[in-house]
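Student: Could we go through this protein together? I'd like to learn how to read it piece by piece.

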Amino acid sequence: MNMNDIIIKKRQGGKLTKDEIDYVVSGYVAGDIPDYQVSALLMAIFFMHMDEEETSQLTEAMRYSGDTIDLSGISGIKVDKHSTGGVGDKTTLVVTPIAAACGVPIAKMSGRGLGFTGGTVDKMESIPGFRTSLEPKEFMDQVNDIGISVIGQTAHITPADKKLYALRDVTGTVDNFSLIASSIMSKKLAAGSDKILLDVKCGDGAFMENIDDAETLGGIMCDIGNRAGKTTVAAITDMSQPLGKAVGNSLEVIEAIETLKGNGPEDITELSKRLGGIMLYLGGRAKSAEDGYVIAEHAIAGGAALEKLKSFIERQGGDSNVVEDYSLFPQPTVELNLIAEESGYIEAIKAKSIGLASQHTGAGRATKDDEIDLSAGIYLHKKVADHVSKGDVLATFYGRDKAKVKAARDEAAKAFIITAEKVKKPILIKEILGL
Ligand code: URA
């Protein structure tokens, strides 16, 4: 087989065979095919596309390019939940204790934040003592004992994705449906769960800015999962404004705890119950997603989900007193308010601008090796459709570096659009594919 022939075939719109795809992925990971040839192929794929069969075959080749996790030692139907990434998205911290409290085993690998989106691993690490790196046996034993464990991604899983993603990032080939879908799904399939729930974020603060693109991506990922024999459901959900009110690591964990206490913002509470309900259905613990919603609601109201979070924190070495005493989280030393300069209704809070401003308070990293400030971030006092009066506090900015926090606040001012007309709330859950 010859890489040059494969590039030309795709450039001319041909369909790659499984053998050709396997050749490219294994040769690239082994270092036998150079970056410049893979870059050319990625650009050919970008313009000429891959069909569903090719996309699925690419995913499988990437899935098996390194270690895969065997969760067969854990009893029960393991359901994974994955968000395509957004601003203020702490849903995993709420949904996984709900699902575990209701009997769905959670054995999950999560990522760190990069750029303007956050990551579950960073958020969990804002809990003093919490360890996100466990030995495989420790991870499995914990799920068998208490029903939940969440760890960081191991270095040896899907090396093809790591290499391809880095190359896509510098060759203008990130935003192609097949390449995004295979990147996400290869990691999900390698992580070993039986069923997969995808939360495909849609809007200004997400990879997919409009509903058509989010539906297309969700559909392709469901197809890949189902071809691999794993029931996959994709919820298309709003990311036109940040989710909830807190953006930034410890702030988001506090909001997740409040949500499990029944005091969370409306959107994160509703999304957690809906996604929790779907996970319970997929995990065989509810007759339908609607039935699961009611069970999830009870797990919050009766305190079982909060108790599960506490034992999860304790078992991973964290101080579970944080659940009652928020002063145990890393504390900011700077706090600045953004004030409304006019009265009216909030028409938009641009999620991407808020995500970038949060990153600039110190809460996020620009490159994967940057240090982050776990105390930093933004708390939104207003959400889209709320009324504001001139002089009201729109948001508070936290951190430990005054210049950074002030710059972030000034930068975020443009994220808020205020209008004289009444505004409707955005639809939170736009569609659910695969149920
Ligand atoms: N997230 C991923 O893991 N991969 C992509 O290509 C895009 C988002």
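Tutor: Sure, let's take the ligand, then a few spots elsewhere; keep in mind that this is a predicted model.

Student: Okay, which residues are around the ligand?

Tutor: Here we look for residues with a heavy atom within 4 Å of the ligand. That search gives Tyr165, Arg168, Ile180, Ser183, Ile184, Lys187 and Phe207.

Student: How many of the residues in that shell are nonpolar, polar and charged?

Tutor: Just sort the shell by class. The charged class has two residues and the polar class has one, while the nonpolar count is four.

Student: How far is the polar side-chain atom of Lys187 from an oxygen atom of the ligand?

Tutor: Let's set it beside two other pairs. Arg168 has a polar side-chain atom 2.9 Å from a ligand oxygen, and Ser183 has one 2.6 Å from a ligand nitrogen. For Lys187 and a ligand oxygen, the distance is 2.5 Å.

Student: And what share of the ligand's exposed area does the protein bury?

Tutor: Start with the ligand taken alone, which exposes 240 Å². Of that area, the protein buries 86%.

Student: Which element gives the most residues to the shell around the ligand?

Tutor: Two elements give two or more residues each: α8 (159–169) and α9 (177–190). The top contributor gives four residues, and that's α9.

Student: Away from the ligand, is Phe47 buried or exposed?

Tutor: Phe47 sits in helix α3, residues 35–48, and forms a nonpolar surface patch with Met43 and Met48, about 280 Å² of accessible area together. The cut-off for exposed is over 50% relative accessible area. Phe47 has 56%, so we call it exposed.

Student: What about Ser375, buried or exposed?

Tutor: Ser375 lies in the loop between α15 (351–363) and β9 (377–380). Being buried takes a relative accessible area under 20%. Ser375 has just 1%, so this residue is buried.

Student: Which residue's side chain does Ser375 join through a polar contact?

Tutor: Look for a pair of side chains joined at 2.7 Å. The partner of Ser375 in that contact is Asp373.

Student: Last one: how many of the eleven residues of helix α5 are buried?

Tutor: Helix α5 spans residues 91–101 and is mostly covered. Its buried residues include Leu93, Val94, Val95 and Ile98. Right after the helix, by the way, comes Gly103, with a positive phi near 100 degrees. Back to your count for α5: the number of buried residues is ten.

Methods. Residues are numbered from 1 along each chain as its sequence is written. This is a predicted model: local features need pLDDT of at least 70, side-chain atom pairs count only at pLDDT 80 or more; totals for chains, interfaces and linings use all residues. Side-chain values use heavy atoms; hydrogens and water are left out. A polar contact is a pair of N or O atoms within 3.5 Å; within protein, one must be able to donate a hydrogen and the other to accept it, and residues adjacent in sequence count only if both atoms are side-chain atoms. Accessible areas come from the Shrake-Rupley method with a 1.4 Å probe; for residues, only the protein chains shown count as cover. Ala, Val, Leu, Ile, Met, Phe, Trp, Tyr, Cys and Pro count as nonpolar, Asp, Glu, Lys and Arg as charged, and the others, Gly among them, as polar. Patches are made of residues with over 30% relative accessible area and no salt bridge: like charges are joined within 9 Å, nonpolar side chains (Val, Leu, Ile, Met, Phe, Trp, Tyr) within 5 Å. A salt bridge is a side-chain nitrogen of Lys or Arg within 4 Å of a carboxyl oxygen of Asp or Glu. Buried means under 20% relative accessible area, exposed over 50%, partly exposed in between (1.4 Å probe, protein chains only).
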